[in-house]
Amino acid sequence: MPISIESSFGARYLRAKNLKNYILNLPGFSPPRIDESPAEYSILLDNVNDANTNANNAKQNYNTAVSLRYDAFRNNTNSIFKVLPNIRAATEAQYGKSSIHFKQIDAAIKTIRNTKIIHIAATETTPETTISRSEQSYGSSTQYFANIINNLIQLPNYNPSNPTIKIAGLQAILTNINTLNSQVATAFQAIRASRVARNAAYTELKDRSLRIKAYIKATYGTQSEEYKLVKGLSI
């Protein structure tokens with residue numbers, strides 16, 4: 001279920017900034033812990049803002065890496081799924097449709113085509129399990145493509161005229177795919193780390209904000225304007 005705007009990280013951060021502005025102007029505001037002082041609370045807000053920025057950058061980097069890899073699988077001129085028909089046609093032309101060589105390659109091509117690639121972009125609400133499942137789908141397709149190349153290597157005198165589907169050309173495609181897979185994996189690790197750091201920052205922000213509100217309530221009273229000003233700030 002999508003996170004409502006009221007409980008989003010940005011909304012919570014804005015309310016925390018409002019709380020900071022309120023306590024800066026409260027007469028006699030002197031909490032028992034220095035952590036809840038305006039100065040320390042401001043430092044915490046800076047840390048939270050940095051955590052937000054890092055998480056957003058990690059998400060954008062991941063999505064960029066995912067898009068580049070998806071193009072290498074589906075959209076580019078020499079993408080995996082666009083060279084498969086050429087491989088099939090080349091083996092049929094060289095060995096014949098009834099040959100065991102063609103049937104082996106045809107079966108391998110059908111396997112990779114039947115493997116569902118899950119194209120997932122990371123958002124604030126995308127579960128890590130969903131991203132992991134997407135990575136597995138790409139991993140399977142990569143392995144199947146490697147298997148096709150290995151099968152072609154075993155064929156006697158496989159040597160099509162199209163350089164893209166020669167063994168060297170296909171190995172170059174596989175090398176690029178493996179590089180893109182590694183880049184996506186690195187970006188995914190960065191997403192996980194940034195989310196852990198952001199959650200920790202917001203946990204600390206919530207705790208300190210509750211302490212500030214409790215102090216204001218105890219100092220100025222439940223019915224005071226000071227407390228009424230901050231009690232509705234859900235952080």
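## Helix packing and selected residues in a predicted model

Threonine 91 lies in helix α3, which covers residues 80-95. The model described here is predicted, and every value in this report is computed from it. Threonine 91 has a relative accessibility of 0% and therefore counts as buried, since a residue is called buried when its relative accessible area is under 20%. Apart from residues up to four places away in sequence, threonine 91 touches Gly96, Phe102, Ile105, Leu152, Leu155 and Tyr158.

**The pair α4 and α5**

Two of the names just listed return where helices α4 and α5 meet: Ile105 in α4 and Leu152 in α5. Helix α4 is formed by residues 100-113 and helix α5 by residues 128-154. The axes of α4 and α5 are 9 Å apart, and the two helices pack at an angle of about 170°. An angle over 145 degrees counts as roughly antiparallel, and α4 and α5 are therefore roughly antiparallel to each other.

Which residues of α4 and α5 meet? From α4 come Ile105, Ala108, Ile109, Thr111 and Ile112. From α5 come Ser141, Tyr144, Phe145, Ile148, Asn151 and Leu152. Sorted by class, this contact holds eight nonpolar residues, three polar residues and no charged residues. The spacing of such residues may be read with a general rule in mind: an α-helix has 3.6 residues a turn, so residues three or four places apart point the same way.

One of the residues in this contact, asparagine 151, belongs to helix α5. With 31% relative accessibility, asparagine 151 counts as partly exposed. When residues up to four places away in sequence are not counted, asparagine 151 touches Ile105 and Ala108. Asparagine 151 and threonine 115 are 36 residues apart in sequence, and their C-alpha atoms are 18 Å apart in space.

**The loop after α5**

Asparagine 157 is in the loop between α5 and α6. Is asparagine 157 buried or exposed? Its relative accessible area is 68%, so asparagine 157 is exposed. Asparagine 157 has a phi near 60°, a positive value in a residue other than glycine. As a general background, most residues other than glycine have a negative phi.

**Helix α6**

Helix α6 runs over residues 167-220 and contains 54 residues. At 1.5 Å a residue it should span 80 Å, and its end C-alpha atoms are 78 Å apart, which agrees. Just after α6, glycine 221 takes a positive phi of about 100°.

Asparagine 176, phenylalanine 188 and threonine 219 are treated next. Asparagine 176 is in helix α6, and so are phenylalanine 188 and threonine 219. The table gives the accessibility of each.

| Residue | Relative accessibility | Class |
|---|---|---|
| Asparagine 176 | 39% | partly exposed |
| Phenylalanine 188 | 9% | buried |
| Threonine 219 | 38% | partly exposed |

Each of these residues can also be placed relative to a residue elsewhere in the chain. The C-alpha atoms of asparagine 176 and arginine 69 are separated by 9.0 Å, although the two residues are 107 residues apart along the chain. For phenylalanine 188 and glutamate 135, which are 53 residues apart along the chain, the C-alpha separation is 9.4 Å. Threonine 219 and glycine 28 are 191 residues apart in sequence, with 9.3 Å between their C-alpha atoms.

Which residues does phenylalanine 188 touch, not counting residues up to four places away in sequence? They are Tyr62, Glu128, Ile131 and Ser132. Threonine 219 makes a polar contact within the chain: its side chain reaches the backbone oxygen of tyrosine 215 at 2.8 Å.

**Lysine 59 in α2**

Lysine 59 is part of helix α2, which spans residues 38-75. Its relative accessibility of 17% is below the 20% limit for a buried residue, so lysine 59 counts as buried. If neighbours within four places in sequence are left aside, lysine 59 is in contact with Ala122, Thr123, Glu124 and Ile191.

Key: Residues numbered from 1 in each chain as written. Predicted model: local features only at pLDDT ≥ 70, side-chain atom pairs only at ≥ 80, totals over all residues. Heavy atoms only, no water. Axes fitted to C-alpha atoms, helices over the stretch in contact; angles between N-to-C directions. Helix = DSSP H or I, 4+ residues; strand = E, 2+ residues; numbered from the N terminus. Parallel < 35°, antiparallel > 145°, perpendicular 65-115°, else oblique. Contact = heavy atoms within 4.5 Å. Nonpolar A, V, L, I, M, F, W, Y, C, P; charged D, E, K, R; others polar. Buried < 20%, exposed > 50% of the residue type's maximum accessible area, 1.4 Å probe, protein only. Expected span 1.5 Å × (residues − 1). Polar contact = N/O pair within 3.5 Å; in protein donor to acceptor, adjacent residues only side chain to side chain.
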